[in-house]
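Got your viewer open and ready for some clicking? Let's take a walk through this model, one selection at a time.

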Amino acid sequence: MIKVSMDLVKQLRDQTQIGMMDCKKALEEADGDFDKALEILRKKGASVAAKRADNETNNGRIEGFVAGDYKTGALVEVACETDFSANTETMKNFVLSAAALVTQHNPTDVTQLMSLKQINSPLSLQEVLDEVIAKICEKIKISRFARFAVAQNGLINMYIHPGSTVGVMIELATDKSIQQAQIESLLALAKDLCMQIAVTKPLCVQASELDPVIVEKERTLAREQLQDSKKPESIIEKIIDGKMNKFYEEVCLLNQVFIKNDKITVKAHLEEVSKKTGLQISIVQFKRFAIGR
């Protein structure tokens, strides 16, 4: 068996972040061929993944990427076995690289995403994941991703909650092109709205987007709660309308109380920023990812 130098072992260790002994064994098996040793380590990762295929992945990490012009962005959620591995720099860098690929290439599904070549690297995302699995020795998979792209005028921003277990991305539209002096205000607005969504978990932007089945279910429930009240029908209808308005305040973003000023709604805050910037701002869509939910 060829004797490999510690400098070569260290070089492989620095590139893969895999343990020194595993790197040394791979180089010895590859007769000192660095590229072959890399392939051996990737195959080890694939083997680990196969052996742990049935393991639960109840932990994970969410990261996002927004292009420099704020016109495209992506959220990616990766699932893994332990909270420890989810919080490593290796996992963070992997998820960030996946989010950048989604932003750049707009893959249709996880399979296509995993086949994409890394930016400034000949490796596919799957090959990178194999290296990550070889190092961490856990089942790791990309569970979902989302990508937004501004159609005309507007921008995208996001918020990743500390711990990276919750992430929110939002798309805002404006009635005309955004000038440099207006970007800071719009980015701050978008981030505040993302934080709002992270905390309050709305189902939609406005009531018109709600599934009619959900609305009817809530109205029926409200009526059932009042069926023994012996109140006049006109009064019952008013009470039901009040309950529905309360429901909309909980599940519709624009109807919610703004978390940074409980005297106004999100809609009122949006109108304030529109007036301040001279732009007519609207919320096109948002996406909220949370680990396990």
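What follows is a set of stops, each with something to select and something to look at. Keep in mind as you go that this is a predicted model.

**Stop 1: a hairpin and its neighbour**

Start by selecting strand E1, residues 59-66, and then strand E2, residues 72-80. These two pair in the antiparallel sense over eight bridges. To see one pairing up close, click Ile62 and look across into E2, where its bridge partner is Glu77. Together E1 and E2 form a hairpin, with five residues between them.

Pick out Tyr70 in that turn: its phi is positive, about 60 degrees. That's worth a pause, since most residues other than glycine have a negative phi.

Now add strand E3, residues 141-149, to the selection. E3 also pairs with E2 in the antiparallel sense, over eight bridges. Here you can find Thr72 standing opposite Ala149 in E3.

While E2 is on screen, how many of its residues are buried? Nine of nine, so the strand is mostly covered. Show the side chains and you'll see two sets: Thr72, Ala74, Val76, Val78 and Cys80 point one way, while Gly73, Leu75, Glu77 and Ala79 point the other way. Both sets are buried.

**Stop 2: two helices running opposite ways**

Select helix H5, residues 89-105, together with helix H7, residues 125-136. Their axes come within 11 Å and cross at roughly 170 degrees. Angles over 145 degrees count as roughly antiparallel, and therefore H5 is roughly antiparallel to H7. Where they meet, H5 brings Thr90, Met91, Phe94, Ser97, Ala98 and Leu101. From H7 come Leu125, Val128, Leu129, Val132, Lys135 and Ile136.

Zoom in on Ser97, which sits in H5. Is it buried or exposed? Its relative accessibility is 18%, so Ser97 counts as buried, the cut-off for that being under 20%. Leaving aside residues up to four places away in sequence, Ser97 touches Gln118 and Leu125. Try a distance label on Ser97 and Gln118: their C-alpha atoms are separated by 7.6 Å, though the two are 21 residues apart along the chain.

**Stop 3: two loop residues with a positive phi**

Next, click Asn106, in the loop between H5 and helix H6 (110-115). Its phi is near 55 degrees, a positive value in a residue other than glycine. Asn106 is partly exposed, with a relative accessible area of 43%.

Then go to Cys137, in the loop between H7 and E3. Cys137 isn't a glycine, yet its phi is positive, about 60 degrees. It too is partly exposed, with a relative accessible area of 35%.

**Stop 4: an open sheet**

Select strand E4 (154-160) and strand E8 (281-290), then add strand E5, residues 166-174. You're looking at an open sheet of three strands in the order E4-E5-E8, with antiparallel pairing. E4 and E8 are the edge strands, as each pairs on one side only. From one strand to the next, the twist averages 15 degrees.

E5 and E8 pair over nine bridges. For an example, click Leu172 and find its bridge partner in E8, Ile283.

**Stop 5: another helix pair**

Bring up helix H8, residues 180-200, and helix H11, residues 266-277. The axes come within 10 Å and cross at roughly 175 degrees. That makes H8 roughly antiparallel to H11. Light up the contacts between them: on the H8 side they include Leu186, Leu189 and Leu193, and on the H11 side Val266, Leu270 and Val273 are among them.

**Stop 6: a helix with two faces**

Last, select helix H10, residues 233-251. Its 19 residues at 1.5 Å each should span 27 Å, and its end C-alpha atoms are indeed 27 Å apart.

Which residues of H10 are buried? They are Ile236, Ile240, Met244, Phe247, Tyr248 and Val251. These cover an arc of only 120 degrees around the axis, which puts them on the same side of H10. The spacing fits a general pattern: an α-helix has 3.6 residues a turn, so residues three or four places apart point the same way.

Add helix H9 (212-225) and you'll find what the buried residues of H10 pack against. Now rotate to the other side of H10, where Ser234 and Lys238 are exposed.

Notes
Residues numbered from 1 in each chain as written. Predicted model: local features only at pLDDT ≥ 70, side-chain atom pairs only at ≥ 80, totals over all residues. Heavy atoms only, no water. Helix = DSSP H or I, 4+ residues; strand = E, 2+ residues; numbered from the N terminus. Expected span 1.5 Å × (residues − 1). Buried < 20%, exposed > 50% of the residue type's maximum accessible area, 1.4 Å probe, protein only. Arc of directions from axis to C-beta. Contact = heavy atoms within 4.5 Å. Pairing = 2+ DSSP bridges. Axes fitted to C-alpha atoms, helices over the stretch in contact; angles between N-to-C directions. Parallel < 35°, antiparallel > 145°, perpendicular 65-115°, else oblique.
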